[in-house]
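Please consider the structure shown below. The paragraphs that follow lead through it step by step, beginning with a turn and moving on to the interior and to a few individual residues.

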Amino acid sequence: MATSKSRFLTAQWRNLVMLNYEVDPEILKPYLPAATEIDLWQGKALVSMVGFMFKDTHVLGIKWPFHVNFEEVNLRFYVRHFDGKQWKRGAVFISEIVPKSMIVLIANNLYKEHYRSLPMRHSVTKEGANHTRFLYEWKLKGVWNKLGATVRNSLTPIEAGSSEEFIFDHYWGYNRLTDYKTMQYEVEHIAWQIAGVKDFVFEADIKELYGDAFVPYLSVKPFSAFWANGSEIAVRIADKLLLDPVLPG
């Protein structure tokens, strides 16, 4: 999609572990930005736990020392916004974890994201000839939390009409600023390929990270699990949407 906005950030997103859960849409409403609505998959409200690698990161064209390659784990859900001509499908991030405090400072202040900095590590382990295990960990209150999957070593295109296509077909980011104001930014990348997941792990202090409301939904088997190879990405400079308040007449 053509845009006049300049690139704020370029990087590679690689080795994405995706665990997707069905939730009651009511628990998402406090995070819902103005001028958006929850985007449902066959009537289901989904959230995704995502672990991946940031690589070759540039902010405004500059590689910042010690902030080029790092892990991220986030929890997100899916929305859409009608701009008067078409629907734009995007993601809202409830929480994002990285090991770099400078990323937190920039993203939270400029893009009103919800980053926090915690010690993190990752590993990639071959498991026989046909599988690879990808593991992302972050240290919270002295305990290593885990998100990972054992993945088949074979890539396939995303199937049209699948839940995987739904999840990845969200190329905008939306953040709630006020009851009437929303930040919007575009994310660009090519279509990714996916691989099946043999088994997965998610061990985390859900209450501490995301609140009581998410505990019953993130403590059960996910709706789906898959892995994506990722690609180069670009995040465009954000703009703001203003929803006119309805004044009493």
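In this predicted model, a convenient place to begin is the hairpin of E8 and E9, where 2 residues lie between the strands and Lys141 takes a positive phi near 55°. Lys141 belongs to the loop between E8 and E9. Most residues other than glycine have a negative phi. Lys141, being a residue other than glycine, has a positive value instead. With a relative accessibility of 65%, Lys141 counts as exposed, because the cut-off for that class is over 50%.

The two strands on either side of this turn are E8, residues 131–140, and E9, residues 143–152; they pair in the antiparallel sense over 10 bridges. Within this pairing, Lys139 has Trp144 of E9 as its bridge partner. Strand E9 is also joined to E13, residues 193–203, by 6 bridges, and these strands too run antiparallel. Here Lys146 stands opposite Glu203 in E13. E9 is thus bridged both to E8 and to E13.

A second residue with a positive phi is Asp56, whose value is near 50° although Asp56 is not a glycine. Whereas Lys141 lies in a loop, Asp56 is found in strand E3. The accessibility of Asp56 is 30%, and Asp56 therefore counts as partly exposed.

The interior can be examined next. Rolling a probe the size of a water molecule over the atoms shows where empty space is left. A search of the whole structure finds 2 cavities of 30 Å³ or more, and the largest cavity has a volume of about 490 Å³. Which residues lie nearest the centre of the largest cavity? They are Trp13, Phe54, Tyr115, Tyr185 and Val235, from a lining of 30 residues. By class, that lining comprises 23 nonpolar, 3 polar and 4 charged residues.

Several elements contribute to this lining. Strands E1 (7–23), E3 (45–59), E4 (70–82), E5 (87–98) and E12, together with helices H1 (101–110) and H2 (163–168), each supply at least two of its residues. Two of these elements, E12 and H2, hold residues that can be considered individually: Thr182 is found in E12, and Ile167 in H2.

Thr182 lies in the strand that spans residues 181–188. Is Thr182 buried or exposed? Its relative accessibility is 0%, so Thr182 counts as buried. The side chain of Thr182 reaches the backbone oxygen of Ala34 at 2.5 Å. Beyond residues up to four places away in sequence, Thr182 touches Pro33 and Ala34, then Tyr174, Asn175 and Leu177, and finally Asp239, Lys240 and Leu241.

Ile167, in helix H2, is likewise buried, because its relative accessible area is 1% and the cut-off for burial is under 20%. Setting aside residues up to four places away in sequence, Ile167 touches Met18, Asn20, Ser48, Arg76, Tyr78 and Phe226. The C-alpha atoms of Ile167 and Asn229 are separated by 15 Å, and the two residues are 62 residues apart along the chain.

Asp39 occupies a place in the loop between E2 and E3. What is the status of a loop residue such as Asp39 in terms of accessibility? At 8% relative accessibility, Asp39 counts as buried. The side chains of Asp39 and Arg89 are joined by a polar contact of 2.9 Å. Arg89 is also among the residues in contact with Asp39 when neighbours within four places in sequence are left aside; the others are Tyr78, Val79, Arg80, Phe166 and His170. Tyr78 appears in the contacts of Asp39 and also in those of Ile167.

The last residue to consider is Tyr31, in the loop between E1 and strand E2 (37–38). Its relative accessible area is 28%, so Tyr31 is partly exposed. Apart from residues up to four places away in sequence, Tyr31 touches Phe77, Val92, Ile94, Arg176, Tyr210 and Phe214. From C-alpha to C-alpha, Tyr31 and Thr125 are 36 Å apart in space, with a separation of 94 residues in sequence.

Conventions
Residues are numbered from 1 along each chain as its sequence is written. This is a predicted model: local features need pLDDT of at least 70, side-chain atom pairs count only at pLDDT 80 or more; totals for chains, interfaces and linings use all residues. Side-chain values use heavy atoms; hydrogens and water are left out. Helices (H or I, at least four residues) and strands (E, at least two) are DSSP runs, numbered from the N terminus. Buried means under 20% relative accessible area, exposed over 50%, partly exposed in between (1.4 Å probe, protein chains only). A polar contact is a pair of N or O atoms within 3.5 Å; within protein, one must be able to donate a hydrogen and the other to accept it, and residues adjacent in sequence count only if both atoms are side-chain atoms. Contact means heavy atoms within 4.5 Å. Two strands pair if DSSP finds at least two bridges between them. On a 1 Å grid over the protein atoms alone, a cavity is a set of points where a 1.4 Å probe fits but cannot get out, and a pocket is an open set with protein on both sides within 12 Å along at least five of seven lines; lining residues have an atom within 4 Å of a point. Grid points are joined across faces, edges and corners, and a volume is the space filled by probe spheres set on the points. Ala, Val, Leu, Ile, Met, Phe, Trp, Tyr, Cys and Pro count as nonpolar, Asp, Glu, Lys and Arg as charged, and the others, Gly among them, as polar.
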